[in-house]
Amino acid sequence: MSELHTMELLIELNRSSELFNSQVFTNHSIFAQSAFIEILIRLNYLLQELDKNDNRLIWSDDVQTSQDIKDITDLVNNLRNAACHSDSQNNYVSNTNIKFVFNIFVGKSPNAVKIGESIFLGNEYQDDVAFYYGDKRIYLRRHIKRLLEELPSKIRKLK
């Protein structure tokens with residue numbers, strides 16, 4: 001990988017960090033959804049570049065795995081597709097016709113939404129923020145912040 005391409009990836013990451021650190025998610029800003037989508041787009045690009053270069057991020061801590069989602073790379077890709085395509089099936093709760101788009105749960109509320117007898121959507125952690133598209137959840141700190149902290153060294157190691 002060229003030094004120029006590495007710099008491009010670090011610029012993408014820097015923009016995501018700027019948005020994350022802007023407090024847009026903690027002050028109930030009207031721009032929270034826009035910033036979230038931009039972060040998803042940029043993180044997906046970075047994770048796909050790592051994957052193409054045999055450096056896929058495969059951790060799945062607090063990732064609700066499924067047939068389509070095995071790790072954080074799959075989760076970000078799924079959420080990016082949902083956020084960028086309003087007609088995506090990823091915007092629907094599995095096996096239902098319920099569209100659940102950009103829903104936010106702040107603080108511990110594991111059963112905030114109950115759908116049917118077996119689907120519960122919410123947040124397992126008091127110190128985090130959960131974002132949903134469909135029934136796919138990503139945490140602000142446990143996932144996005146962790147990615148922003150881990151990606152610089154991963155990008156610099158690309159060859």
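Biologist: What is the relative accessible area of Lys145?

Modeller: This is a predicted model, where local features need pLDDT of at least 70, side-chain atom pairs count only at pLDDT 80 or more, and totals for chains, interfaces and linings use all residues. Residues are numbered from 1 along each chain as its sequence is written, and side-chain values use heavy atoms, without hydrogens and water. Lys145 counts as partly exposed (between buried, under 20%, and exposed, over 50%; 1.4 Å probe, protein chains only), because its relative accessible area is 36%.

Biologist: Which residues does Lys145 contact, leaving aside neighbours within four places in sequence?

Modeller: Lys145 sits in helix 4, a DSSP run (H or I, at least four residues; strands are E, at least two) numbered from the N terminus. With contact meaning heavy atoms within 4.5 Å, its partners are Phe20 and Leu140.

Biologist: How are helix 1 and helix 4 oriented to each other?

Modeller: Helix 1 (residues 3-21) and helix 4 (residues 140-156) pack at about 155 degrees, their axes 10 Å apart. Axes are lines fitted to C-alpha atoms over the stretch in contact, and angles run from 0 to 180 degrees between N-to-C directions. Over 145 degrees counts as roughly antiparallel, so these two helices are roughly antiparallel.

Biologist: Which helix gives the most to the largest nonpolar core?

Modeller: That core (buried Ala, Val, Leu, Ile, Met, Phe, Trp, Tyr and Cys joined through side-chain atoms within 4.5 Å) has 39 residues, with Leu151 among those with the most contacts inside it. Helix 1, helix 2 (32-52), helix 3 (72-84), strand 4 (129-133) and helix 4 each supply at least two residues. With ten residues, the top contributor is helix 2.

Methods
Parallel < 35°, antiparallel > 145°, perpendicular 65-115°, else oblique.
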